[in-house]
Every structure is written in structure tokens, then in C-alpha cells.
Amino acid sequence: MDVDPSSERNDSDEPTLRIAAICAAYGNDRHRMLDILRDVQEGFRWVSPRSLETVAACTGLSRVQVEGVASFYSFLSLTPKGRITIRLCDDIVDRFAGLAAVAAAFEAELGIRMGETSADGSFSLDYTPCIGMCDQAPAAMINDVVVTRLTPERAASIGSALRAGRLPLEIAVPGHAGLSPAERAAAMVENNIRHAGPVLLGPVPSDAGLRQALELTPTAIIDAIEASGLRGCGGAGFSTGRKWRAAASEPAERRFVFCNADEGEPGTFKDRVLLTERADLMIEGMTIAARAVGAREGLIYLRGEYAYLRDHLEAVLESRRAGGRLGRRIHGIEGFDFDVRLQLGAGAYVCGEEGALISSCEGLPGEPKTRPPYPVNRGYLGFPTLVNNVETFCHAARILGRGADWFRAMGTDRSHGTKLFSVSGDCLNPGVYELAYGLTLAELLTLVGGEDAAAVQVGGPSGTMVDRANFHRRLSFDDLATGGAIIVFSARRNILEIVDYYMSFFVHESCGYCTPCRVGNVFLHKAIGKFRAGLANPEDIDYLRDLSQTIIETSRCGLGMTSPNPILTTLQNFPLVYSALVKSSPDRVRASFDVQSAIEGARRIARRRSTIFDEDYT
Amino acid sequence: MSGTGFSFTIDGVAVAAEPGQTIMEAADAAGLYIPRLCDHEGLRHQGGCRVCTVKAGGRSVSACTQPAAPDLVVENETPHLNKLRRDLVEMLFHEGNHLCPICEASGNCELQAMAYRLDMTAPTRFPYLQPSRTLDASHPDIALDTNRCISCGRCIRASQDVDRKGVFGYVGRGIHRRVAVNADDLASTDASIEDAAIAAGTCPVGCIIRKRHGFATPIGERIFDKGPIGHDIEDKRRE
Ligand SMILES: Cc1cc2nc3c(=O)[nH]c(=O)nc-3n(C[C@H](O)[C@H](O)[C@H](O)COP(=O)(O)O)c2cc1C
Ligand code: SF4
Ligand code: SF4
Ligand code: SF4
Ligand code: FES
Ligand code: FES
């Protein structure tokens, strides 16, 4: 096939027929728009104006509605992309791990700059936010394949192999043909399990939880989950038992159980490891939830970045079906039917928000939904929908198997059980740690070989940047809450560069629905640029606080409500970083800048020293 | 009316409501004005501009989407909330290109009127984003200038739900999200000057321009020459 797949100018209606066939494969169902457009993108390397029209005609939508979806997701493109698209993670962790040199090596080898597509349509080079490989950065996606631990040399050899026509999968996993999907995934990406705890990463007997659940009434299952104290692991920490009860008690003809495998918070990759190593347990947990709330239909929303796990997950689903553990009459029980569909995302962090996730599954742009109604009352297609994180479902299955008391005894008073932490950045042993809630940050840092840390980002950009003086704080919902991301920064790192990157992330990922998040984050990002350029005035610190407050108080969803956190938590914990950079001269000319006197004023205000700043300047 | 009605308070004033009513709908009926830009009578609620943010039971919510509830305590006209609203209105000004003196919506424009109502003085705190969006003058009767668009989506909902046409829609994400038309340009759509989406008052600002109607109303007779935005609702209470 030597035809340029991006060209649709030939007279034949072949492309139109192919697109119509793609739509037909999804029953011309507008709710499957994301699948349709993913397939169009894959087949043609872009979604052309004509494709928009064909898809609109087949699904009964208007062209601008289809364009609204196609233009929302980063992995769909309205201009032609290369047959091979390389997406380099440009997160701050990758930058600190040598991203610039890797990008330069790709550029040199492929003869295009980042952001460009080669003239013959063979390659595109792009940046993308965190792809969940932070423990093996720098990392990149080559179409659906992931490559990690990149160096300039490796990038050059990958580039030349691709130019020689070798397939991405061959390059990433030599000898992949003889491997099962699970083996292929494991060979492509390291798990880096550094500490296995008793609940998730230790030995797990198959379906012990589900078999136990089948002995119980749905209400008793929910009682057990509630008694265990399990709280959602996706970040918000809502009581899982109460959520299940709400979904079960809403009268409805159909109910859904959705697993949130979007894992988009930069620095988080623990679900990647569970999906690789504990997919069976996760689906078992979903099946238990289905039994508890009375759902027959389930869905796993897998972020587009994890497309390399698709075959593996499909294989696990298929083997459960074949073993009578999914599908009709599960474990032989008449009337207990539950099946699960895999839905891939296409590059949008906000789709991890449960309402946006549901919008995305409905074939809409990934915009959060108005709350109320809540998904447990009216979610997917208007039916009660239970959305839980990958880790939450795994925990639920184990709780049924081992008992609520066993789980409840671990952790702290209000944060029971264990938690997976995704640790990356400046430490000796990046990877996944399963630990009981309640340990201090200092204890965790010792475990990971990160004692030299000067700052730790707990919970990713939407969480808290913690300074040394606060390393005694505990990882639990009552103190330092986290969906699992722990990003370690040494004293060499520039706090404002990190904040700058995180604000650019939120600008990139805001869905744009509401004013404060769409516009306000752009202003915050610009203001940080002003600080970094040394152009800020003392009043700009108040401006940052004030604007942040407006964004938090008026935003429509959790993204906007947490997006100022990189600024607010560094203003709080690293005040000197800011105050030392502002200049007080009213004429905006810095005649003589005495950093120590600048710091002195801030020291008085803050009533303590900031390690990070003082080490650099004293 | 029916036995299911209940009451709650807005700034200490008792307001009657029916189940299913939003805070804003109940407030409107009671003659209490809650500032708004994206909500428009007869159209679905979008809940995007956030100018209607109120405190309900201590939590910030958008009054146009939040259901009223029995005994709910709502704050509306407080200095703090009006400060938040002013910030939002400023954001909208700075996101687009607005030059009121030469704009034909001036005096009839809800964004401008909201700025007056909220005592917005010189908008200098935020940077100007100065987008450059092309003017679509292809249609014989209608011009579309989205440089002043505030993403209220009123044209989109009016075209979809009232006209049953779907001439407009959102495309893009984040700060790049904008209103687009259902074809290469407006002339290639089935938009007509008779559409509810095109009618004066649907677009709150000066994006949807009816050609040859420009500057038709003399200064002094324009909508907001007669009273501040919201006075029609507030007058109900005074009567
Ligand atoms: C912007 C944003 C992104 C989110 N991303 C994720 C995600 O990737 N995975 C996840 O499980 N929850 C994510 N959440 C939280 C979900 O909205 C939801 O609370 C969660 O899936 C519920 O599951 P849990 O109770 O098991 O944690 C996100 C929330 C927001 C506001
Ligand atoms: S807060 Fe941000 S992400 Fe959430 S709805 Fe508003 S614009 Fe979209
Ligand atoms: S649209 Fe309104 S605010 Fe904008 S320039 Fe015109 S009158 Fe002024
Ligand atoms: S064009 Fe006018 S009506 Fe349409 S979204 Fe923009 S401001 Fe609102
Ligand atoms: S993959 Fe690059 S930081 Fe997560
Ligand atoms: S009027 Fe309520 S959000 Fe716009």
C-alpha cells in the first residue's frame, strides 16, 4: 500500500466507503463517536472535513457536532499526521531526566522539528503530557507503542530503525511475535514494584472475593465494603460503600459499573501496574460491584496512552468469559449476568473526572456534567452509574475475600487499608509502593532513597508541594491526601520552573466549558512567567492569591477547583522563592537587586527559612 | 400553589419554590435578580459563565443549575460574590477583543451592562489575550464576529433546540474552545435572519450582527440606557 493514506483527493469514493464501514461497525451509533473517530484517525492519520461529513451523515449528527468531538481530544487531529506519530512526554520529570536532548535526537534523525509532520507524511513529532511512565522517564509513545528510559542514542537508533521501515512494536519489544499480550506489555514497560503490601501486590487468590460475595445478599456486600472503611483511590476519597449504596438504591431499568482507568494526573502510574498485574482482580471487583448494585453492564475507560494494554485487557476479559466468570450466569448463578466493554480514551486529562468520563463514553466532547444529578443517580445515558478507580475495585475484591475487619485494621482512623504510591523524580528507587496509610512523608522518602529531597509534590499538580519542614506530615486523607502520586525534587530543581510547567498543563487540559478555569488559568500561567522573568512586583503575589481564589470558588469541576494548587501550595511552603524574585522599585527597573535583603523581608513574613531558596543563594 | 411547594431564603428574603426549580428560576419569580450571562429564558441551562455564582448553604454553586431546596440559605448580593463576578466579567473582556465605543452592541450589550452593574472600572489587572478571529461576512443578512464571543452558547442552544437547525456548535478545547458554524462558513449553513438564534437578544454581546440593522437605536433608547441589567426582574418586586 503505497498510497498516501492522508490523501482523499482521488475521485473514487473509497475513503467515504471505508469511513461508512467504520461507522457501521459501531452500529452507526453516535454514542460510539470516540471509537469511530479513533478508527478514522488510525486509518487515515487525520479526521478530514470530508470524514466529518461522512461520520455526521452516518450517525445522524451535524458536522459541527462531530467536529466538536474530533477537536477536543489530543490524539485526534484535524490536519494530517504522519503514519508514525511519536509523542514525547514533556512533563517536568522528563525535562529533568534529559528530555531536551532526546527531543533533539529525534529531530535530527527524522529531519523535522517537534510539532511538525514530515512532508512525505511518514512522521510526526509531538509533545504530550505525562503518559504514566514517570518511573522510567524520559518516555514516549510511538503510535500505540511505548518506549521508556530514552537517551539521545536510543532516540537516534529508534528513529533510524523507523526510517528503515521497522514496526514500532518490533523496536520496543524484539521477538514480540512469540509473546502473549500480557508478556508483551510486561516486556514493553517495567512494573517497578518496589514494595508489595498485603492487599494488592502480594499473592492474590483468584476470585476468592467474588465467591464470597455470591454467598451474600447485595446489601450485605455493600455493608462489608462500608464496614471496611474503603475510600476511593482516584483522589477524592469518597466512601466506596456509601457510593455503592447510592447506586443500588436509585430505581432504574439499567445500571452501569464503570472502572476509571484514565490515570491522567501527572506522576501517577499505579493503575498502569494494576492493569498489567492485577487485571483479573480489578474485573473481579467490578463484578462484585455489579452484583451489589444490580448492574448488568460494565465498562473500563482506559486512557489512550495505555492503548498498549488493550490486547492484554481484552484477553483477560475473554478468559473470564470463557471461564464463566463474566458474561451470562456468572459462576453458574441463574440471573447473574454482567459483561464489560473496554473504551479507549484519546488524550484528555479531564476525562478522568467521572462526569467527563461519562460524556466521553457517550460520544461527546469530554466535558464534565452539571452536578446534581450525580452519576450514581443519573449517569451514562441517564442511568445510575457507579464510577470507581482501578485500585478501588481491586481493594473491594480483596475486602470480600479477607473480610472487612482485616482491611479496617490497617492504616489510620479515617484512612483504612493500604494505598499504592507512584514514586518518581529525584530518588534512587522510583516505582510503585504498597503501604498502609499513615506513614510520614519522611518515612516514605527513606524507603525510596529520596532523603535528599528539597520538595515533594504529593498528589500530582492538583495536590500539594511540600517543603522539608513538612516532611513529618502523614499520607492519609486527614493530612496529605493523594491519589498516589509522589514526585521527588532535589535542591537542584527550580520550584518556579515546576510551577510554570504545571500551570501550562492545566491550561492545556482545561476543557474550556467555564470562564474561570478556561481564562483564569491562562492568566495564572502568564503571571508565573512574569515572576520567572524577574518582572513581578510585590503586589503580584497578592494577585496570584486573589485570582487563584476566584478560580477555586467559581469553577465548575474539580480540575478548575484544584488547578491553582501548584501556586498556592508553593506560595505557602516556599514563599521566599517568590518574594526574592519580585522587585519593589515602582519604575520597574531593577537598579541593584540585593537578594538577601529581599529574602530577609520574606523571612520575617514567613517566620521560617526555605531550604530550597537559601541553598541556592546563601 | 400545590402542597409540594417550599420556601428558602436569598439574602434573608423568603422565596417560594417548586421541586425541580433552580435557585435562579425561583429568584426570578420572586423579583430577585441574580447576575447571569449564559442563562437565557427559554433555553436549556449551560452553567458555563459562572457569573451567577451564589453561596448556597455555604457552598459556591451556579444559581442557574443548582436546584432550590427547602430552607436553603442563599447569599447573592454580597461584596465577596460581586467581586468574584467582577473577576469573571473581566476575564471575558480580556479573553476577547472589546472596544465598546465602536461596537454596535454598545448600550444593548449584556457584558457591558454587567460590567456597569458590578462597578467594573478600568480593566487593567488582567493581561489582554487579543485573539485574532476572522469575521464571517459570507451570509447575505448576517455577519458573525466571534472576537467578542463570551462562549455563552446561547446561539448554539437556540439554533439546536428552538430552530431545530444546529447552525452553531463549540469546537476545540480549553482556551481554544470557540463557537463554529456547521459548514465552511455561515452562508453554507441554513441560517436565516428569522432564526431564534439570530434574533436580537439571543447573543448577549455583539457577535451575531444583522446586516443593515447596525446602530439602529439612537443613544438614550438602547436597552441599558433605560435601566441597569436585571432591572426588569427587580421591578417585579417593587411593583
Ligand atoms: C480533573 C480530574 C481528573 C480525574 N482523573 C481521575 C483519574 O484519572 N482516575 C480516577 O480514578 N479518578 C480521577 N478523578 C476522580 C474521579 O472524578 C472520581 O472521583 C473517581 O473516579 C471515583 O472513583 P473512586 O471513588 O474509586 O476514587 C479525576 C477528577 C478530576 C476532577
Ligand atoms: S473547571 Fe475547567 S475542566 Fe472543569 S468544567 Fe470548567 S473549564 Fe472544564
Ligand atoms: S460586545 Fe459589548 S462589551 Fe464587547 S465591545 Fe461590544 S458593547 Fe463592548
Ligand atoms: S456568538 Fe454570541 S450567543 Fe453565540 S456563544 Fe458567542 S456570545 Fe454567545
Ligand atoms: S510519563 Fe513523563 S512524567 Fe509521567
Ligand atoms: S448564568 Fe449560571 S453559569 Fe452562566
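**Ligand 4**

I started with the surroundings of ligand 4 in this predicted model. Which residues are around ligand 4? I found C149(B), I150(B), C152(B), G153(B) and C155(B), then V179(B), and finally C203(B), P204(B), V205(B) and C207(B). I sorted this shell by type and got nine nonpolar residues, one polar and no charged. Gly counts as polar, so I put G153(B) down as the polar member of the list. The cysteines went into the nonpolar group, because Cys counts as nonpolar here.

**Aromatic pairs**

Next I looked for rings that pair up. How many aromatic pairs does the whole structure hold? My search gave 15 over all chains. I picked F256(A) and Y380(A) to look at: their rings are edge-to-face, with 4.9 Å centre to centre and 85° between the planes. I then checked where the two sit. F256(A) is in strand β6 (residues 256-261) of chain A, while Y380(A) is in the loop between α16 (354-361) and β9 (385-389) of chain A. They are 124 residues apart, and the pair links distant parts of the chain.

Are these two rings buried or exposed? F256(A) is buried, at 4% relative accessible area. Y380(A) has 9% relative accessibility and also counts as buried.

I followed this with a pair between Y543(A) and F126(B), which is tilted: 6.1 Å centre to centre and 55° between the planes. Y543(A) lies in helix α22 (residues 539-554) of chain A and F126(B) lies in the loop between α3 (110-117) and β6 (142-144) of chain B, so this pair joins two chains. I noted Y543(A) as buried, with a relative accessible area of 9%. F126(B) is buried too, with 2%.

Back in chain A, I asked which residues form one aromatic cluster with F256(A). They are F258(A), Y380(A) and F383(A).

**Charges over rings**

I also looked for charged ends lying over aromatic faces. R556(A) lies over the face of Y513(A), 3.7 Å from the ring centre. In chain B, the charged end of R177(B) sits over the ring of Y170(B), at 3.6 Å from its centre.

**Disulfides**

How many disulfides are there over all chains? My count came to zero. I wanted to see why C351(A) has no partner, so I looked for the cysteine sulfur closest to its own. That sulfur is in C361(A), 8.4 Å away, which is too far for a bond; the cut-off I used is 2.5 Å. C351(A) is buried, with a relative accessible area of 0%. I checked C514(A) as well, and it is buried at 6%.

**Salt bridges**

My last search was for salt bridges. I counted 55 over all chains. In one of them, the side chains of E53(A) and R63(A) meet at 2.9 Å, N to O. E53(A) is in helix α3 (residues 49-59) of chain A and R63(A) in helix α4 (residues 63-70) of chain A, ten residues apart. How accessible is each partner? E53(A) counts as partly exposed at 41% relative accessibility, whereas R63(A) is buried at 11%.

I moved to chain B for D87(B). K83(B) forms a salt bridge with D87(B), and their closest N and O atoms are 2.6 Å apart. Both are in helix α2 (residues 79-95) of chain B; being four residues apart there, they are separated by about one helical turn. K83(B) is partly exposed, with a relative accessible area of 22%, but D87(B) is buried, with 3%.

D87(B) also meets R125(B) in a salt bridge, at 3.1 Å, N to O. R125(B) lies in the loop between α3 and β6 of chain B and D87(B) in helix α2 of chain B, so this bridge ties together parts that are 38 residues apart in sequence. I found R125(B) partly exposed, with a relative accessible area of 34%.

I closed the entry with a network. Which residues are joined into one by salt bridges that share partners? They are D207(A), D280(A), R320(A) and R325(A).

Definitions and conventions:
Residues are numbered from 1 along each chain as its sequence is written. Chains are lettered from A and ligands numbered from 1 in the order in which they are written. This is a predicted model: local features need pLDDT of at least 70, side-chain atom pairs count only at pLDDT 80 or more; totals for chains, interfaces and linings use all residues. Side-chain values use heavy atoms; hydrogens and water are left out. A residue is near a molecule or strand if one of its heavy atoms lies within 4 Å of it. Rings of Phe, Tyr and Trp (its six-membered ring) pair if their centres lie within 6.5 Å; planes under 30 degrees apart count as stacked, over 60 as edge-to-face and the rest as tilted. Buried means under 20% relative accessible area, exposed over 50%, partly exposed in between (1.4 Å probe, protein chains only). A charge sits over a ring if NZ of Lys or CZ of Arg is within 6 Å of the ring centre and within 35 degrees of the ring normal. A salt bridge is a side-chain nitrogen of Lys or Arg within 4 Å of a carboxyl oxygen of Asp or Glu.
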